[in-house]
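Hi everyone, thanks for coming. Let's walk through this fold together, taking it one piece at a time.

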Amino acid sequence: MKLSVVIPLYNKESTIVKCLNSVTSQTLLPNEIIIVNDGSSDSSSKLVESIIENHLHLDIKFINQSNKGVSQARNLGIKTAKNELIALLDADDEWHKDYILHMEKLIQNYPDARIYSSFHRKKDSDGNFFLPFHILHQGFMGYIPDYFETSIKVPLINSSCVILSKSCFVEQGGFEV
């Protein structure tokens, strides 16, 4: 599976190192990591550059743009990506070390799908992990026949646990800006 990871970055000096470490320490590494700096004014850029220097064996692209918002940063990252499958990750989120491996199995089981998503955990104010309420049962794997009907009560997709088809994304016109 050829996978590009797109990470929009804006003033996340307190979380970007953990975020990138969660990608670079995956059991199954992505083919490409694209970080789009959306005009950060803190030390985020310097931290990213340091991580890139320590991971020269990985294909990591660092793109700078003036502050245009997360949607335009994601759009630019996806446009730049060389692979058909795009994983999104927010700069203040982290992946479990087997995230890409788990998602690869999902993609192999459902090769015709155009968007893939997984459950995610959140941290409470005390640092404890929990699974947020979800309308689907834990362990669900399959197609959602009517995404909009199913997600009326609870969103099914979180931006940091989704892999999408680049061609589907382009057909839909990207993220609204």
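Let me begin with a word I'll lean on: a contact means heavy atoms within 4.5 Å. Among contacts between residues at least 6 apart in sequence, 74% join residues at least 24 apart.

Now, where this comes from. This is a predicted model, where local features need pLDDT of at least 70, side-chain atom pairs count only at pLDDT 80 or more, and totals for chains, interfaces and linings use all residues. Residues are numbered from 1 along each chain as its sequence is written, and side-chain values use heavy atoms, with hydrogens and water left out.

The protein has six helices and eight strands; these are DSSP runs numbered from the N terminus, helices being H or I of at least four residues and strands E of at least two.

Next, the sheet. Six strands make an open, mixed sheet in the order 3-2-1-4-8-5, where pairing requires at least two DSSP bridges between two strands. At its edges sit strand 3 (60–65) and strand 5 (115–117), each paired on one side only.

So who partners strand 5? Strand 8 (residues 162–165) does, antiparallel, over three bridges. There, Ser117 stands opposite Val162 of strand 8.

Two helices lie across these strands. Helix 2 (residues 44–54) crosses strand 1 (3–9), strand 2 (32–38) and strand 3, at about 160° to strand 3. Helix 4 (residues 99–109) lies across strands 1, 4, 5 and 8, at about 130° to strand 5. Those angles run from 0 to 180 degrees between N-to-C directions, with axes fitted to C-alpha atoms, for helices over the stretch in contact.
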